[in-house]
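Please keep the sequence and the three-dimensional view side by side while reading. The paragraphs below move from single residues to ring pairs, helix packing, loops and cysteines.

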Amino acid sequence: AEVGEGGGKYYSVNIPLQDGIDDDSYEAIFKPIMSAIMSKYDPSAVVLQCGADSLAGDRLGVFNLSIRAHGACVRFFKDYDVPLLVLGGGGYVIRNVARCWTYETAVLTGTEVANELPWSEYWHYYAPSYQLHAEQRGREEAEDKASKLHNRLLALQSDLQQVRAERKELDALVVSLRSEGGGGGGGRGDTSLKASALNASNNNGTSMMIIGTPTREHPASARKEARSPAAHLFMAGSLSGTPGKVAKILLGSSERHRLATSDYLASLLEGTTEINRVGKGLLPEDMAEIASYVEGHTRVERMFLSGNNLGLPGAKQLATLLADSSLKLLRLDLRHNNLGNEGCVALAEALCDNKTLQRIDLSANGISAAAASAIALAIGRSESLHRLDLRHNDLGDAGAATLGSALRGKALLQHLDLSANSIGQKGAEALAEALKVNTILEVLDMRGNAVSPAGLKALENAKAASQVADRQGLLPLPPP
């Protein structure tokens, strides 16, 4: 366990766990450690971050916890009856994040909730169980064995005997330092307290913050110039130049501790075929670094960049990559990136002449009917695009009709996701007419749209008359 260093030693506790830990093993170490911490620190308030990437089946997380076990941690702190501020956090299977935080909200409010989920326009996302506590498949075996956890627990309990942040001592320290600094206005004592707090926080990777007696002034002097979160994610070493910059963006924490030289870093990146930076707070300047790297490494085939804030500048960088005939990009995931209509148009224009991209996801980017013509042109002209995801935008009837016109032509698109796009009867009927003559499209996803019975009937008739074997028309479910 890590307990801080220097002046901040014993003011933080960070407990590393190996992949695949399950409910029983996690509870066996969580409760005794947190009980000891609460006893030693005697906090006046607790901030609890409830990141859901520890759940089984998460795309990035490597733990194997159930939602019930995750919620038990929340209940543990709730039962202490101290002021409790509960925050969200990570989690990369969205339906499980929603399940988890719904359950934990119920725990906090003392509300009993049914396991069967009520119907809503998003009900289909929770298939096939449609339950709050759905069984999730995680890693098959926990790597943290009981004996290793027990030894780690004993070691940490020994560390906690040295904790200096007991309430009375901390109160006395704050009073003393404020007195030295003339009332906490930036004197020598106040600086010492800030330094201790920074040393502790720099070594604290846990998701719990214990609040004792706060100072009156936020340590603004310790804040560095605002930078992209990606610049702080992975690299704290001395690497410089382009490889070092790229490493901050492309590499995960598991590689961080193995980076000794720029030569090693270059060799590690050389064989990269996939860039996966989902939900990492990347900004347009980070996209410029990624684009520069990809231009020199033509083996990159897949880029997963959803959940960032690339915006229009980032979209233009990506459009430049799509227009580069030397690159062989096959898949691009750009969900939740604030691209807007202009960013979508820039990408669609680049797709018209791209010869390799097979799948692009532009879901949840604020795209309306204003961008539909550019998208339709890309669908009609692309020689490689097989799947286009546009769910959770606002194309409406007008946008659906425009895309329908592209499907009437020589489009090679096989899968089109238009779920949750405010499409009504007119849009559904326009798409149905297109399906009657289209001989390529295999899947049209229309779930989550407020389509009238007449619109549903038109789509069902088009599917029945389809020239495509096993064509799937995923239609909105009527309320039960």
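**From a helix residue outward**

Leaving aside its neighbours within four places in sequence, Val107 is in contact with Gly71, Val74, Arg75 and Lys78. The model in which these contacts are found is a predicted one. Val107 itself is found in helix α3, which covers residues 94-109, and with a relative accessible area of 7% Val107 is buried, because buried means a value under 20%. Of the residues it touches, Lys78 can be used to follow the fold through space: Val107 and Lys78 are 29 residues apart along the chain, yet their C-alpha atoms are separated by 8.6 Å.

Lys78 is also the last residue of helix α2 (residues 67-78), the helix that holds Phe77, and this leads to the aromatic side chains. The structure holds 7 aromatic pairs. In one of them, Phe30 and Phe77 meet edge-to-face, with 6.1 Å from centre to centre and 85° between the planes. Phe30 lies in helix α1 (residues 23-41) whereas Phe77 lies in α2, so the pair ties together parts that are 47 residues apart in sequence. Both Phe30 and Phe77 are buried.

A further pair is formed by Phe76 and Tyr80, again edge-to-face, with 5.3 Å between the centres and 70° between the planes. Here the two partners fall on either side of a cut-off: Phe76, at 12% relative accessibility, counts as buried, while Tyr80, at 32%, counts as partly exposed, because the partly exposed class runs between 20% and 50%. Ring pairs link these residues with others into a cluster made of Tyr26, Phe30, Phe63, Phe76, Phe77 and Tyr80.

Further along the chain, the packing of helices can be followed in two places. How do α10 and α11 pack, in terms of angle and of the distance between their axes? Helix α10 (residues 284-296) and helix α11 (residues 311-322) pack at an angle of about 10°, and their axes are 8 Å apart. That angle makes α10 roughly parallel to α11, because angles under 35 degrees are placed in that class. On the α10 side the contact is made by Pro284, Met287, Ala288, Ala291, Val294 and Glu295, and on the α11 side by Pro313, Gly314, Gln317, Leu318, Thr320 and Leu321. Sorted by class, the contact of α10 with α11 has 8 nonpolar, 3 polar and 1 charged residues.

One residue of this contact, Leu321, deserves a closer look. Leu321 has its place in helix α11 and is buried, with a relative accessible area of 1%. Apart from neighbours within four places in sequence, Leu321 is in contact with Met287, Ala291, Val294, Glu295, Met303, Leu327 and Leu329; among these, Met287, Ala291, Val294 and Glu295 belong to the α10 side of the helix contact. Leu321 and Asn354 are 33 residues apart in sequence, with 9.6 Å between their C-alpha atoms.

The second helix pair consists of α14 (residues 396-407) and α15 (residues 425-437), which pack at an angle of about 5° with their axes 8 Å apart. These two helices are therefore roughly parallel to each other. The residues that make the contact are Asp397, Ala400, Ala401, Gly404 and Leu407 of α14, together with Gln425, Lys426, Gly427, Ala430, Leu431 and Ala434 of α15. By class, this contact of α14 with α15 has 6 nonpolar, 3 polar and 2 charged residues.

The loops bring a point of backbone geometry. Most residues other than glycine have a negative phi. Against that background, His336 has a positive phi of about 55° although it is not a glycine, and its place is in the loop between β6 (331-333) and α12 (340-351). His392 likewise has a positive phi of about 55° without being a glycine. His392 lies in the loop between β8 (387-389) and α14, and is partly exposed, with a relative accessible area of 32%.

Finally, how many disulfides does the structure hold? The structure holds 0 disulfides. Two cysteines can still be placed by their accessibility: Cys344 is buried, with a relative accessible area of 1%, and Cys352 is also buried, with a value of 8%.

Notes
Residues are numbered from 1 along each chain as its sequence is written. This is a predicted model: local features need pLDDT of at least 70, side-chain atom pairs count only at pLDDT 80 or more; totals for chains, interfaces and linings use all residues. Side-chain values use heavy atoms; hydrogens and water are left out. A disulfide is a pair of cysteine sulfur atoms within 2.5 Å. Buried means under 20% relative accessible area, exposed over 50%, partly exposed in between (1.4 Å probe, protein chains only). Axes are lines fitted to C-alpha atoms, for helices over the stretch in contact, and angles run from 0 to 180 degrees between N-to-C directions. Helices (H or I, at least four residues) and strands (E, at least two) are DSSP runs, numbered from the N terminus. Angles under 35 degrees count as roughly parallel, over 145 as roughly antiparallel, 65 to 115 as roughly perpendicular and the rest as oblique. Contact means heavy atoms within 4.5 Å. Ala, Val, Leu, Ile, Met, Phe, Trp, Tyr, Cys and Pro count as nonpolar, Asp, Glu, Lys and Arg as charged, and the others, Gly among them, as polar. Rings of Phe, Tyr and Trp (its six-membered ring) pair if their centres lie within 6.5 Å; planes under 30 degrees apart count as stacked, over 60 as edge-to-face and the rest as tilted.
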